[in-house]
Amino acid sequence: HVGKFGTPGRYQLMDTPGVLYRADADRNSMEGLTLAAVELLPSAIVFVMDLSGTCGEQSAARLQLKVREQIRAAFPERPWLDVRSKADLPLAEGITPEDVPNGALHVSVHEARGVDELAAAMTRMVEQVAHLI
């Protein structure tokens, strides 16, 4: 998905397909497009993770955290925002609050919690990316 929100200027907001925890050679073309977009375009990363344990085996909470580590290591200079979605649900079994990246926004659309903070943080990120262009 490509769209925009209420910040003046030219930019695009892309909701890219998720990237699973696996070797680069084993990634499918959609995962490759996601990573290519980040690599080749002036971009910021909003890494949304569901740590509730409700996403199935391929996107288990621990694996999402490992993907985050991989992508963060690959793009250490990009403006970055961690978002824990479904924050109204408890953390998955085996995941502790210490496992959630420091500074992550805790968002629950169901409870309307953290949504305004997320919009404000994304607006600040757009301003950061503008300096990359």
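Here are some short questions and answers on how a few labels in this predicted model are earned.

The model is predicted, so local features need pLDDT of at least 70 and side-chain atom pairs pLDDT 80 or more, while totals for chains, interfaces and linings use all residues. Numbering starts from 1 along each chain as its sequence is written, and side-chain values use heavy atoms, with hydrogens and water left out.

Q: What makes residues 115-130 a helix, and what span does α3 reach?
A: A helix is a DSSP run of H or I with at least four residues, numbered from the N terminus. α3 has 16 residues and reaches 23 Å from first C-alpha to last, close to the expected 22 Å. That expectation is 1.5 Å times one less than the number of residues.

Q: Which residues of α3 are called buried?
A: L118, A121, M122, M125, V126 and V129. Buried means under 20% relative accessible area and exposed over 50%, with partly exposed in between (1.4 Å probe, protein chains only).

Q: How do you know that these buried residues sit on the same side of α3?
A: They cover an arc of only 150 degrees around the axis, so they share a side; the arc is taken from the directions from the helix axis to the C-beta atoms. The face turned away carries the exposed D116 and R124.

Q: Why is L41 called partly exposed?
A: Its relative accessible area is 41%, so L41 falls between the two cut-offs. L41 is found in the loop between α1 (29-40) and β3.

Methods. Helices (H or I, at least four residues) and strands (E, at least two) are DSSP runs, numbered from the N terminus.
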